[in-house]
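Student: Could we go through this model together, one question at a time, with the reasoning spelled out before each answer?

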Amino acid sequence: MRNNRKIVYGFLLAALAIGVILFCIIQNNKTPKLEVVFLDVGQGDSILISEGSQQLLIDGGKDGKLLLEKLGKYIPFWDRNIETIIETHPDQDHIGGLIDVLKLYGVNSILETKMQSDSQTFKKLEDEILKNKIEKIEAKKGVTIKFVSGAVAEVLYPFESVTDVNGGDTNMYSVVVKLTVGDNKFLFTGDFPTTQENILLESGTDVKVNFLKVAHHGSKYATSNAFLDVVSPSDAIISVAKNNSYGHPNQEVLQRLLQHRVNILRTDEVGDIVYKCQNLKCVTIHLFPTPTQPSKEKAISEAPKPKFLF
Amino acid sequence: MSKSRVFLFILLSFLIGVFVRSFWQIGQNYFFLLSVVALILLFTFLPTYRQAGKNKFATLVAFILFGFIFGFWLTNGEIAKTNDLIFLGKNFEENAVVQKVSQTTMGQNLIVELRSESASLADKKISVLLSVPQYPEYQYGDLLEISCKAMAIENRDESFDYRMYMAKEGVLYQCDKGKAKKIGENQGNWIFAKILSARAIFENKIIKVIPAPYSALASGLLFGGSGGLSKEIQKDFSVTGMTHIVAVSGYNVTIVAEYLILLGIALGLWRKQAIWFALVGIVLFVVMAGLPASAVRAGVMSGILLWAMKNGRLASSENAIIFAAAIMLALNPLLLRWDVGFQLSFLATLGIVVTSSFWEKSFIKKNRALGISEVITLSLSAQIFVLPIIAWNFHIASLISLLANIFILPIIPLSMLLVFLVCIFGFIFSPLSFIFAWLAFGLLFYEIKLIHVLAQFPWASVSIERVDVWWIVLYYCMLAVVIYLLKKMDDNIIPE
């Protein structure tokens with residue numbers, strides 16, 4: 001008798017828990033908010049754009065374990081699907097983490113250029129794509145990904161199919177993506193170098209955005225003054241590890257950004273950087289005037305000599 | 001003096017012999033002298049052993065000395081072997097079979113066993129540590145063609161004796177810039193390979209439906225191992241003294257067993273049946289952990305504990321535990337100093353046994369209704385016994401550990417059950433697997449979050465730079481005295 005009662009209570013409790021979970025799921029799906037998260041994956045890039053149960057992941061850092069923990073934090077726990085992945089270019093610090101993601105999450109399609117790499121990591125990634133029967137879409141100008149709320153991610157570069165697939169510099173053909181959410185725009189640049197920035201500018205592509213992911217972790221061979229003049233972002237996000245061996249982000253780049261009156265957010269300083277979009281506007285929860293970062297006004301007045309910065 | 005007492009003393013002296021040689025070197029002359037004294041004692045007094053009194057005592061001393069000498073000698077031999085690096089600097093160009101793979105931040109660490117045809121190596125079992133990139137991935141039983149230069153294993157930082165850690169597993173060499181090429185597979189033990197692949201399939205069922213890091217905790221609970229958790233979370237676990245829930249040690253296995261018994265009783269089994277239930281559970285647990293030697297040892301320790309419970313002799317099963325420890329050390333004396341798992345298994349089970357009658361009388365009987373008092377006392381006695389070991393090995397003493405254990409241990413078995421159901425239904429009916437995954441997620445989320453919150457407390461743990469071995473000896477001597485006094489009090493109470 002006593003045991004029966006225990007079993008009944010057990011079942012009631014379980015049913016209640018399931019009810020609560022279902023309620024949460026329905027609530028969450030009813031009011032989807034678009035979120036753009038620059039994940040702190042150490043020295044590497046990974047950006048998650050998530051709206052309700054639809055996700056777009058741009059690159060995956062180099063460490064699968066770390067990336068999976070981050071995804072577990074920002075993707076609702078019942079959702080085991082990432083609809084689309086964009087692989088900007090086949091460098092270790094952009095694709096290393098994706099292998100584990102393909103193993104554990106359902107992925108519908110992956111966007112990548114024809115660019116090849118002879119690294120074992122790239123081979124493994126291609127194996128996993130084949131094994132899991134993921135649809136491969138060639139990333140080039142004109143490919144778009146639409147979100148339910150009307151937000152659109154659009155590939156701006158490369159313009160054509162990559163022909164130099166075994167070429168030395170993988171960064172040359174790094175995929176550039178623009179995300180438009182209502183009035184706000186994001187530009188994701190992978191490891192896009194200055195030479196290509198100029199080509200993109202010459203083509204007259206509209207790259208004016210509010211939020212710029214700084215190319216190549218703040219390398220000095222990217223993010224030129226000319227590029228910043230046109231893009232004119234209000235915030236710049238640098239995805240970089242603390243004390244990395246490359247010396248990223250470069251001081252010159254930081255100065256260029258300050259001269260353009262851009263707020264700088266760095267994953268090595270603030271961790272994951274989250275932008276929440278609602279009513280056609282995107283805002284970040286991070287406050288800019290932290291001790292190591294001057295406020296916008298201060299930055300303007302003292303921009304030429306940013307000694308207080310670092 | 002009873003026979004079992006004599007036996008216990010000889011075993012203890014053996015353990016002390018192993019302990020002493022593990023930490024100190026005694027000059028050969030002293031060692032020789034000691035042996036001679038023992039022999040003289042033995043030959044003088046053994047013929048007159050039957051006569052009571054001094055002769056008997058002297059014979060006993062001789063045997064105890066022999067126990068000590070044997071332990072010392074055995075350990076000395078093993079330590080000498082680890083320093084005898086005859087292949088140092090040799091270029092290995094051999095076939096080798098992968099024995100163990102562990103993931104590191106840089107790539108994979110492989111332990112490979114050479115399969116050599118050349119005469120100089122053929123009669124020896126040589127295991128080598130090989131660091132290779134993350135991809136391609138290797139697995140147990142893969143046949144590799146390796147070419148590398150054998151070097152001694154290096155300690156990467158001072159706080160951890162990596163060289164001896166590997167040496168106790170029989171691995172004396174490493175190949176840093178080694179090359180490996182896979183040329184075959186399934187060269188390992190067939191049964192072991194099957195167990196490992198079954199474990200991998202089970203684990204896959206978990207990680208497919210539960211997001212990280214909760215899935216890593218889930219598989220750690222079920223199969224042991226915290227390798228799937230990130231450094232930050234592992235640190236939280238160690239600060240709150242909760243690492244044991246994801247490690248297969250006697251501590252963990254015993255607590256699992258204790259819960260299985262409670263579960264069995266709750267399901268309506270008799271106590272003795274429930275203990276059988278728990279024994280079966282332990283065997284399954286050890287097999288699912290992939291049958292590593294550490295898990296087998298842990299299983300043996302807590303198996304003895306359960307057996308003693310079943311026969312109602314829990315309070316007097318120290319002998320069995322010390323006997324098991326002595327056998328394990330006779331097989332590999334290096335475990336005593338260099339295997340944390342062994343230390344934790346041995347001391348935690350011993351702690352539970354020697355304090356059980358005290359708790360039973362003073363605490364549990366009075367507070368039976370609480371139900372969780374058993375959990376608290378079990379956890380407390382195990383904590384007291386392993387405290388210096390954790391400080392010694394991990395340079396940390398968790399002050400918040402008891403609190404964390406009280407809040408988290410009671411739901412561990414339920415989490416394990418749910419994760420187990422996730423696995424099972426992953427095979428039979430996957431929608432149900434999802435439902436269980438949600439329920440399990442709730443508990444796992446609570447566990448990781450609570451551990452994280454508790455780890456943030458300013459005094460959650462104190463870090464201990466270096467523990468002198470004498471402090472540990474002193475601690476356990478004091479503990480022994482306290483236990484002895486408690487026992488004496490017990491014995492005095494009984495006749496009343």
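Student: In the largest nonpolar core of this model, which residues touch the most other members?

Tutor: Bear in mind throughout that this is a predicted model. The core in question has 69 residues, and helix α18 (residues 430-455) of chain B gives the most to it, with 13 residues. The members that touch the most others are I210(B), I245(B) and L306(B).

Student: Which residue of chain A does I210(B) touch, when residues up to four places away in sequence are not counted?

Tutor: With those neighbours set aside, I210(B) touches S215(B), A218(B), A437(B), A440(B), F441(B) and L444(B) in chain B. The list also holds a residue from chain A, and that residue is R80(A).

Student: How many residues make up the second, separate core?

Tutor: This second core is separate from the one just described, and its members include L329(B), L335(B), F342(B) and F385(B). In general, nonpolar side chains in soluble globular proteins tend to be buried together. The number of residues in the second core is 39.

Student: Turning to chain A, what radius of gyration does it have, and how does that fit a compact globule?

Tutor: For 310 residues, a compact globule would be expected to have a radius of gyration near 19 Å, and the value for chain A agrees with this. Along the principal axes, the C-alpha atoms of chain A fill a box of roughly 80 × 45 × 35 Å, and 55% of the residues of the chain count as buried. The radius of gyration of chain A is 21 Å.

Student: Is L156(A) buried or exposed?

Tutor: L156(A) sits in strand β8 (residues 152-157) of chain A, and, leaving aside neighbours within four places in sequence, its contacts include V176(A), L187(A), L200(A) and V207(A). Because its relative accessible area is 2%, and the cut-off for burial is under 20%, L156(A) is buried.

Student: And E126(A), is that residue buried or exposed?

Tutor: E126(A) belongs to helix α5 (residues 120-131) of chain A, where, apart from neighbours within four places in sequence, it is in contact with E87(A), E112(A) and K136(A). Its relative accessibility is 16%, and the limit for burial is under 20%. Therefore E126(A) counts as buried.

Student: How far apart are the centres of the positive and negative side chains of chain A?

Tutor: The two sets being compared are 35 positive and 37 negative side chains. The distance between their centres is 8 Å.

Student: Which peptide bond ending at P249(A) is cis?

Tutor: P249(A) is located in the loop between β12 (235-238) and α8 (251-259) of chain A. The peptide bond leading into this proline has an omega near -10°, and it runs from H248(A) to P249(A).

Student: Where does P213(B) lie, given that the peptide bond from A212(B) to P213(B) is cis?

Tutor: For the bond from A212(B) to P213(B), omega is near 0°, and the bond is cis. P213(B) itself is found in chain B, in the loop between α6 (190-209) and α7 (214-223).

Student: What is the relative accessibility of N243(A)?

Tutor: N243(A) is placed in the loop between β12 and α8 of chain A, and has a positive phi of about 50° although it is not a glycine. N243(A) counts as exposed, for which the cut-off is over 50%. Its relative accessibility is 78%.

Conventions: Residues numbered from 1 in each chain as written. Chains lettered and ligands numbered in written order. Predicted model: local features only at pLDDT ≥ 70, side-chain atom pairs only at ≥ 80, totals over all residues. Heavy atoms only, no water. Rg over C-alpha atoms; globule rule 2.2 N^0.38 Å. Buried < 20%, exposed > 50% of the residue type's maximum accessible area, 1.4 Å probe, protein only. Lys, Arg positive; Asp, Glu negative; His and termini not counted. Charge placed at Lys NZ, Arg CZ, Asp CG, Glu CD. Core = buried A, V, L, I, M, F, W, Y, C linked by side-chain atoms within 4.5 Å. Helix = DSSP H or I, 4+ residues; strand = E, 2+ residues; numbered from the N terminus. Contact = heavy atoms within 4.5 Å.
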